[in-house]
Amino acid sequence: MLLTVVAFVVALGVLIAVHEYGHYRVAVACGVKVLRFSVGFGKPLLRWQKKGSPTEFVLAAFPLGGYVRMLDEREAPVAPEERHLAFNTQPLRSRAAIVAAGPLANLLLAVVLYSIVNWTGVQEARPLLAQPVAGSVADKAGLRAGDLVVGAALGDDEIEPVNSYEDVRWLLTRGALDAQDARLIVRDEQKAGSPEREVTLGLAALGAKDADLSLFRKIGIISPYSRPMIGDVMSGSPAEKAGLRQGDLVRRVGTAQVADGQQLRELIRQSVSDGKAQSQIWRIEREGRLVDLNVAPEVLQDENGSYGRIGAYVGEPPALITVRYGVFEGVWKGVQRTWEVSALTLRMMGRMVIGQASVKNLSGPLTIADYAGRSASMGLTQYLIFMALISVSLGVLNLLPLPVLDGGHLMYYLWEGITGRGVSDIWMERLQRGGIAVLMVMMSIALFNDVTRYVTRLFG
């Protein structure tokens, strides 16, 4: 719990500070007098001011936000000799640059964070596929356990090399949500000298709305290849009662030959019929000899119905590789990932507006805090990836044309640039009210999703 709170506060503080620093730095460069730079709202906990600087720097009590207060005739009287330092007297291009600098700073931070991850390297699973879910898109396309993905592309794009399983998963996510088919170049890793072949996955026909487990079950690619080995066995579980031990290698369940850990997990899940678990005869290999055991999974429920579970870790950990890039390639990959995540975020928001994507994709502070803690517990690299993802989301969100956000102010400036006059005070007030209403609705939905996820985790 403490790790979650600390990881959340640190991530939020850094992202907000970078966002506001973007506004501050460009404002100073444009000759605007900045009165206060604040990370957080409410009562100041810490404040300081550099000698000779007009800016007061503040760390406030409520961390969900921040602001840069500039000299502005619309907020308070300005002395005639300082009028040229006021924000509202600056040319249109300067005001637009100052407003856009915050979201752009977040996007630039994401590039930097992704670049650091690319330079230092990250441990990821090899792009070796498990047995696809029976009847899934991957199964019908002819993919099998042990297929190594060496290249991939969406639609008619040029095939690009694949370095890890995460590359495959990210491509499938984009393809499903963008309604584009995926092309994979694979070869059978378990057969020496196996030729490469191209496989097309019909993702466009899925009509995906959410990037959740049910989507990947439809695609059929859920996890990387792992040997069907039993790991830790829970005390009192069906696995322990059946006599399964850590290190057992499962060769067959009933009449089905077991190819890998993913297929074994599917056979366990599907062992339930009419709400009751069916006993299965498992043939396992233990210390060089074959043993038959009668395994009766327990029955659990989720939103999709009943499924079986044995209470043991199923599947050997997948083979890992270190994915690392050089200086320039690492930066370029960081730019690419930031662009892809930004574009996907915008498309998903657009699809939510027109009803083609579920609003369940919206997440609030509880979910973000949860992922902050989880990523921090997995190490610095995963925490940096988490921060990069949230930084992209923050940048894109603030560029939306909602009046209370930076994008709304840019919308005002676009109107001013086209018509030669600013938005009237009456319309400004109306638009601000509308923007606040929309933002409140979005925040309410996100918080409701957070609570729903939390309750589901607690009570199933």
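Here is a chat between a trainee and a mentor about a predicted model.

Trainee: Let's start on the outside. Which helix gives the largest share of the nonpolar patch?

Mentor: The patch on the surface is formed by Trp119, Val327, Phe328, Val331, Trp332 and Val335, with about 650 Å² of accessible area together. Helix 8 covers residues 327-353. The largest share, 5 residues, comes from helix 8.

Trainee: Take Phe328, then. Is Phe328 buried or exposed?

Mentor: Phe328 has its place in helix 8. Its relative accessible area is 77%, and the cut-off for exposed is over 50%. So Phe328 counts as exposed.

Trainee: On to the open sheet with the order 10-9-13-14. Which strands are its edge strands?

Mentor: The sheet has 4 strands, and the pairing is antiparallel. An edge strand here pairs on one side only. That description fits strand 10 (256-257) and strand 14 (289-295).

Trainee: And which residue stands opposite Gln280?

Mentor: Look at strand 13 (residues 280-286), which is joined to strand 14 by 7 bridges. The two strands run antiparallel. Opposite Gln280, in strand 14, you'll find Val295.

Trainee: Now the rings. What kind of aromatic pair do Phe37 and Phe57 form?

Mentor: The structure holds 7 aromatic pairs. In the pair of Phe37 and Phe57, the centres are 5.6 Å apart, with 40 degrees between the planes. Stacked needs under 30 degrees and edge-to-face over 60, so an angle of 40 degrees makes this pair tilted.

Trainee: How many residues apart are Phe37 and Phe57?

Mentor: Phe37 belongs to strand 1 (residues 34-48), while Phe57 belongs to strand 2 (residues 56-70). Both Phe37 and Phe57 are buried. The pair links distant parts of the chain, and the separation is 20 residues.

Trainee: Phe57 also pairs with Trp48. Why does Phe57 count as buried, and what is the relative accessible area of Trp48?

Mentor: The rings of Trp48 and Phe57 are stacked, 5.9 Å centre to centre with 15 degrees between the planes. Buried means under 20%, so Phe57 counts as buried because its relative accessibility is 10%. Trp48 is partly exposed, with a value of 43%.

Trainee: Which residues do ring pairs link into a cluster?

Mentor: You've already met some of them: Phe57 pairs with Phe37, and Phe57 pairs with Trp48. The full cluster is Tyr21, Tyr24, Phe37, Trp48 and Phe57.

Trainee: Last one: which ring lies under the charged end of Arg169?

Mentor: There are charges over rings at Arg169 and at Arg430, whose charged end sits over Trp427, 5.2 Å from the ring centre. For Arg169, the distance to the ring centre is 4.0 Å, and the ring belongs to Phe216.

How values were computed. Residues are numbered from 1 along each chain as its sequence is written. This is a predicted model: local features need pLDDT of at least 70, side-chain atom pairs count only at pLDDT 80 or more; totals for chains, interfaces and linings use all residues. Side-chain values use heavy atoms; hydrogens and water are left out. Patches are made of residues with over 30% relative accessible area and no salt bridge: like charges are joined within 9 Å, nonpolar side chains (Val, Leu, Ile, Met, Phe, Trp, Tyr) within 5 Å. Accessible areas come from the Shrake-Rupley method with a 1.4 Å probe; for residues, only the protein chains shown count as cover. A salt bridge is a side-chain nitrogen of Lys or Arg within 4 Å of a carboxyl oxygen of Asp or Glu. Buried means under 20% relative accessible area, exposed over 50%, partly exposed in between (1.4 Å probe, protein chains only). Two strands pair if DSSP finds at least two bridges between them. Rings of Phe, Tyr and Trp (its six-membered ring) pair if their centres lie within 6.5 Å; planes under 30 degrees apart count as stacked, over 60 as edge-to-face and the rest as tilted. A charge sits over a ring if NZ of Lys or CZ of Arg is within 6 Å of the ring centre and within 35 degrees of the ring normal.
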